[in-house]
Amino acid sequence: MHMNFRSKLCCLAVCAAFFSGSEAFARTPSDTVILPQYIADEVVAVVGRSHILLSDLERTTDEVVRLRHQTGTLSNRPARDEAFETLLLQKMLAEQARADSLDKELRGGLDDQVERQMQEMIEEAGSVKALERKYRKEIYAIKDDLKQQAEDMQLANIMQSDVMQKVEITYRDVADFFASLPLDSLEMVPEQYIYAQIVRFPPETEERKFEVRQKLLEYRQRILDGENLGALARLYSMDPGTARNGGEWGPGNINQLVYPIVEVLETLKPGMVSEIVETEYGYHIVELLSLRGELVHFRQILLKPTFTVEETEREMKLLDSVARSVGTDKKAFDEAVALYSMDRETNQNGGVVFNGLLAKQQFNAKYASPKFMKDALMPQDYIPLSRLKEGEVSAPYEAVDLGTGSTVYKVVRLNKVIPSHRASLQEDYEIIADFALQNKQQIELDKWVRRAVETMYVWIAPEYRNYEFEHNWLKK
């Protein structure tokens, strides 16, 4: 089958980039040493104001082949044809993003990304000189090309997200999608778990809160004195999801954020750094990068209090006592949840945990499901659950809260195990809805591409017009 549109973009995310130039040789007047000279590479296509070089095509073809081997993807068209269309799609999305002023949403961190790519390429080539010979370009020019490629890839992703975020799905959409599937194509749904939990957070004393706030005040002053928040975030932020990217979040929908962060971001101007913000995740300082409608882009440093061994043992002993007292009595467990659990998302519904991925995508709680496939469970939860029979409660254990990234202590109760079965709309609505959403997004994306191909300037060099394309790039 052909790789779908998102697969093509995913392929380009790992492409090294615009490598251009061909090598010629000249003899110097003073000696016989042969030195490399660089001449312009061959332009194979132009999309809007961007061009695609022959070396781009060669590099991307290598990446498509590598990706096929890595994922086991089969295709009935040559990798070079697929690579060419992937480049055309990326350039078109990036050009449209610039036309729509979405380039303001570009996140930083490109220099670090390019440097990592450069090191990988040098190691693969064997040396800097070998890399320059391979791509017929000096190292600084290769870096420039990599940075441009990374920027185009970001813009393509931003443009794609802008199109896909507008897609909504209804029950009728899901039902029609399921009805369109051939019966013999319905796959077996793996074993699923429904479980509940009692969660305890370590106690936050006023002394610990004060220590954290003092550190954040120090970091804020350093930023105001000229240091970069991103650099400090990499060193000190305790949010694993953003720290490695210099504390950057987004661009993304502001409605995905907790209210205290939203409230602060809406009062800032780009480049401004907030005072300390307290949320359920800990304590933050944030720097607004951009806010356009509901699309927000910001940096943050997150700190959380740390705790002693004695405090940890106290919470674990409490949970152990609770687990022993409730046994397999569901009513007693529900009462213990209301009395002891500190998790606001589950302590009002008997501790039942919901898989909210699709709900978050749609910003609609009706898509949340209490069913978890085995592979969707984190090992920290699957291991204790796998040892239980229905109705049993685990021993207490330490875990990481997936929402906040904070250390928590918990016990889990296995409410039900759903055996592997063939997919049905009644039993597996949430799973089918996720596939239906992806299908509808893909259809909308394809429509957008067809319209853009018709309206945007596209030129392909004559000797490259016999490639197999899925879209009408030649506008026949």
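Trainee: In this predicted model, where is the place of Y457?
Mentor: The model is a predicted one, and Y457 should be located by the elements on either side of it. Helix α15 covers 429-455 and strand β15 covers 458-460. The place of Y457 is therefore read, under the run limits used for helices and strands, as the loop between α15 and β15.

Trainee: Which residues form a nonpolar patch on the surface with Y457, and what is their accessible area together?
Mentor: Y457 is joined in this surface patch by V43 and W459. Taken together, the accessible area of V43, Y457 and W459 is about 280 Å².

Trainee: Is H471, in the segment after β15, buried or exposed?
Mentor: The place of H471 is in the segment after β15, and its relative accessibility is 13%. Buried means under 20% relative accessible area. Because of that 13% value, H471 counts as buried.

Trainee: Which residues does H471 touch, not counting residues up to four places away in sequence?
Mentor: With residues up to four places away in sequence left out, the contacts of H471 include E85 and L89. The list is completed by D446, V449, R450 and V453.

Trainee: Which strands stand at the edges of the open sheet with the order β7-β10-β9-β8?
Mentor: This open sheet has 4 strands, and its pairing is antiparallel. Two of the strands have a single partner strand each, so one side of each is left without a neighbour in the sheet. Those edge strands are β7 (248-253) and β8 (277-279).

Trainee: By how many degrees are neighbouring strands of this sheet turned against each other on average?
Mentor: The angle concerns neighbouring strands of this sheet, with direction ignored. On average, they are turned against each other by 40°.

Trainee: How many bridges join β9 to β10, and what is the bridge partner of L291?
Mentor: Strand β9 (residues 282-292) and strand β10 (residues 295-303) run antiparallel and are joined by 9 bridges. Within β10, the bridge partner of L291 is V296.

Trainee: Which helix packs on the sheet, touching β9 and β10?
Mentor: The helix in question has a direction that makes about 45° with that of β10. Covering residues 229-236, it is α9.

Trainee: In the open sheet with the order β11-β6-β13-β12, which are the edge strands?
Mentor: The 4 strands of this sheet pair in antiparallel fashion. Two strands pair on one side only, namely β11 (372-373) and β12 (397-400).

Trainee: How many bridges join β12 to β13, and what is the bridge partner of V400?
Mentor: Strands β12 and β13 (residues 407-418) run antiparallel, with 4 bridges between them. In β13, V400 has as its bridge partner T407.

Note on methods: Residues are numbered from 1 along each chain as its sequence is written. This is a predicted model: local features need pLDDT of at least 70, side-chain atom pairs count only at pLDDT 80 or more; totals for chains, interfaces and linings use all residues. Side-chain values use heavy atoms; hydrogens and water are left out. Patches are made of residues with over 30% relative accessible area and no salt bridge: like charges are joined within 9 Å, nonpolar side chains (Val, Leu, Ile, Met, Phe, Trp, Tyr) within 5 Å. Accessible areas come from the Shrake-Rupley method with a 1.4 Å probe; for residues, only the protein chains shown count as cover. A salt bridge is a side-chain nitrogen of Lys or Arg within 4 Å of a carboxyl oxygen of Asp or Glu. Two strands pair if DSSP finds at least two bridges between them. Buried means under 20% relative accessible area, exposed over 50%, partly exposed in between (1.4 Å probe, protein chains only). Contact means heavy atoms within 4.5 Å. Axes are lines fitted to C-alpha atoms, for helices over the stretch in contact, and angles run from 0 to 180 degrees between N-to-C directions.
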